[in-house]
Amino acid sequence: MAYEEWAGASGRDLVLDDWFTRQLVAANGRRHQRDVHVLLGGRGSGKTSLLAAFEERAANTYVAHVDCAGLPDGVRDPADVLARIAFQLSAEVPGLPPMQLPAYAALRLALAVRTDQADRDAALTELSAALDAGRGREQSLDLFLSLAEKLGSLAGMPAWGLAALPFLSEGMRRLQEHRVRRALARHVNAPASPEDFLVGLSHGLQHGDERQRRRAQEVLLRAFLDDLRRAYDTAKGSELRTLRCLLLLDNADDDRGQAFLDTLRTARRGGPEDGDPLVVVAAARSRPRLVEPLDVPAGRLLTCWSTYAERAPEPDPYGGGEEERFEPLEVRGKPHVRVAQLRPLSRAEVAEQCRPLLAELPPPGVRRPAEWLARIVHDLTGGQPFATAAVLRQLPLFEDELSIVDRLRKMFTLDPHRPSVAEEAYERCFGDVPGAVRTRLPRVAAAAVPVQALAADALWGRQNHLLYQVTELIGDELRFDVTDLDGGSVLTVPPIARRHLLQRLARSEDGAEAGTWAGAHRRLRDAMRGRDAAYHHLALGDVPAATRYLHGLLEDVKDGGVDMAEWCRALSWVQRAPHPRLTAPDDGMEEYEAAVERLGNRVPAGQLPVARLLIAGRLTVHPPTDPYAALWSDPLWDPTARLRTEIAEQLQQIGEDVPHLRGLPLHQRIQSYDKEPW
């Protein structure tokens, strides 16, 4: 089985496929539309493979697929991009008549001829004759080459101009004399003489200012859209062409893609109110100009997915409930522009990809093995399609006797001789970030949430000038995850990227510099208070200090000053502190027992249950209902969650020591550890 982000096969993409099919089929008596759909997602979110699945899905209609970032250097303007689109849409489609673009071809060819204002009358005469008398490829070529000689030079007829001749010759054989001229005059709002208009337009494209060049390309695009409408609006065209035609633009945030989309919107604004039959789906890894941040507030893009909660606690994380739907948001102030963000894969979707793989792997020895493996993989990758596919693709490639967990540990170990899965995913997501900013990201990952790192001045030292760039980067919800915490939304480092950044930070664990594990956590600890300071105490291995904070908070609960639910949340927050030995080969239970023994007499006997909760909590996976499950989880210490029994016992001990604290929050927390967390 090939794990290539499962384009069109995951549950997420099946929802997208349903939405996409509805765009191709005219509904409610409307044959046409004018919407531009923009799908946003960082690198590794599956945009490119999804567009390829859309292209395959639309094989029975006219399709153009353009990767804007992969265009040759010679393709610079919207007119150049349009030439590629027109060429692809004219390809033969079984069962459908060829797509004829006569007005576009004539206008394209006219714009390709170099103009010379010194011989304008001759240019008008020749251009008029060429437009009127073109009845075949050879004749059209002779006429336009003759015109080119009189207007300037043969070099003035670029390749993209000659490429329009097949459209012209095929289309004009089906048109009466002067029809192309009348069509151009009608839909481009030309003056009385279309030939004079065309020569002026051509001159503006080649010698004019930016406004004139933009106007010429808008007219060309309107001629193209007019041809599409006429192909669909005839009686025969309406009968044969039951699906709209499709334009897929990948990497639409490239300058050429953005320029084309801007020109398309302008051309459509001047067209008929009922639009045209071209469905436009663009994918981008950053916001194009059509979608400015203020047009769609941060954090709202994932609301396009109904019934989906991004790694948030949910009663049944593996199915059930209302069927998911997808509907892009309208962009404020931009009519006919809709935008959405590709969500990560859910645990249920990862589990579906794990089921067929288990037959190739050693038995894990757990109940519900697919759900067990999905929970581990999802915690490691955050559901990013690229990283998830990479993990499942590599799992069968190890020695037969190696367990699944040991394979995962090897896969995620930072090795100077080969990149780990986390490193590959990190490079894919952040490889284009300036080097000076990237060198500061590990210390951002040390904080529980990135915004805390920005507030710790000591973390930046003399590099304060980089703070603005780092702030701008971590405010990008296409690179960072939008996570619901304490009733609000915050941006967090994606789990797969944070793992790699923390591993880099831990390389110099004993250093005092801000770019080391100890240095970063000490500076963050000194800048924080309460549970945040305790979080960094635990990250530094100072279990007694973290224990004193939680024990003191427990005393406040006894006095009635703090609610038990708040204590449970504080415990969960501090337990999220990462261990410096990420993906350690040691067994989590052995590490737990050794850490408890190392405590010695540093923690009073009455505080031992809290200390044990902290040590075990950072080494195991927690229930899906844990309020801070999205902050951090390292399932490779305790993959079968054996320590959950120890956690339940220590929570029970706290409840027995303080009988009047047997409230609902503590009882619910104890019960949550009685179940397997997958």
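In the predicted model, Val38 has Val339 of strand E8 as its bridge partner. This bridge belongs to the pairing of strand E1 (residues 36-40) with strand E8 (residues 337-341), which runs in the parallel sense over 5 bridges. Both strands are part of an open sheet of 6 strands, arranged in the order E2-E3-E4-E1-E8-E7 and with mixed pairing. Strand E2 (63-67) and strand E7 (329-330) form the edges of this sheet, each pairing on one side only. The protein as a whole contains 31 helices and 10 strands. Of its 678 residues, 57% are buried. Among contacts between residues at least 6 apart in sequence, 75% join residues at least 24 apart.

The largest nonpolar core comprises 78 residues, and Phe54, Phe224 and Val281 have the most contacts inside it. Helix H11 (residues 210-233) supplies the largest share of this core, namely 10 residues. A second core, separate from the largest, consists of 47 residues, among them Ala448, Leu619, Tyr628 and Leu631. When residues up to four places away in sequence are set aside, Val281 of the largest core touches Trp19, Phe20, His37, Leu39, Leu51, Phe54, Leu246, Leu247, Leu248 and Leu249. Two of the residues touched by Val281, His37 and Leu39, fall within the range of strand E1 (residues 36-40). Leu246, Leu247, Leu248 and Leu249, also touched by Val281, fall within the range of strand E3 (245-250).

Helix H16 (residues 385-394) is largely enclosed by the rest of the structure, because 8 of its 10 residues are buried. The buried residues of H16 are Pro385, Phe386, Ala387, Thr388, Ala389, Ala390, Val391 and Leu392. The elements that cover them include helix H1 (11-24), helix H14 (347-354), helix H15 (369-381), helix H17 (404-411), helix H18 (421-430) and helix H23.

Backbone geometry was also examined in the loops. Most residues other than glycine have a negative phi. Asn251, in contrast, has a positive phi, near 50°. Asn251 is located in the loop between strand E3 (245-250) and helix H13 (255-269), and with a relative accessible area of 12% it is buried, the cut-off being under 20%. Arg368, likewise not a glycine, has a positive phi of about 50°. The loop that holds Arg368 lies between H14 and H15, two of the helices that cover the buried residues of H16. Arg368 has a relative accessible area of 35% and is therefore partly exposed, a class that lies between the cut-offs of 20% and 50%.

A further positive phi, of about 55°, occurs at Asp486, in the turn of the hairpin formed by strands E9 and E10, which have 2 residues between them. Strand E9 and strand E10 (residues 488-492) pair in the antiparallel sense over 5 bridges. Within this pairing, Asp481 stands opposite Thr492 of E10.

The hairpin region also contributes to the largest pocket, which has a volume of about 920 Å³. This pocket is lined by 43 residues, with Asp476, Glu477, Leu478, Arg479 and Phe480 nearest its centre. Helix H22 (467-474), strand E9 (481-485) and helix H23 (495-506) each provide at least two lining residues. The largest share, 3 residues, comes from H22. By class, the lining of the largest pocket is made up of 18 nonpolar, 12 polar and 13 charged residues. Helix H23, besides supplying residues to this lining, is among the elements that cover the buried residues of H16.

The structure also holds 4 cavities of 30 Å³ or more. The second largest of the cavities has a volume of about 80 Å³. It is lined by 13 residues, of which Ala448, Thr492, Val493, Arg498 and Leu631 are the closest to its centre. The lining of this cavity divides into 9 nonpolar, 1 polar and 3 charged residues. Several of the central lining residues recur elsewhere in the model. Ala448 and Leu631 belong to the second nonpolar core, whereas Thr492 is the residue of E10 that stands opposite Asp481. Arg498 falls within the range of helix H23 (495-506).

Note on methods. Residues numbered from 1 in each chain as written. Predicted model: local features only at pLDDT ≥ 70, side-chain atom pairs only at ≥ 80, totals over all residues. Heavy atoms only, no water. Core = buried A, V, L, I, M, F, W, Y, C linked by side-chain atoms within 4.5 Å. Buried < 20%, exposed > 50% of the residue type's maximum accessible area, 1.4 Å probe, protein only. Helix = DSSP H or I, 4+ residues; strand = E, 2+ residues; numbered from the N terminus. Contact = heavy atoms within 4.5 Å. 1 Å grid on protein atoms, 1.4 Å probe; cavity = no way out; pocket = protein on both sides within 12 Å on 5 of 7 lines; lining within 4 Å. Points joined across faces, edges and corners; volume = space filled by probe spheres on them. Nonpolar A, V, L, I, M, F, W, Y, C, P; charged D, E, K, R; others polar. Pairing = 2+ DSSP bridges.
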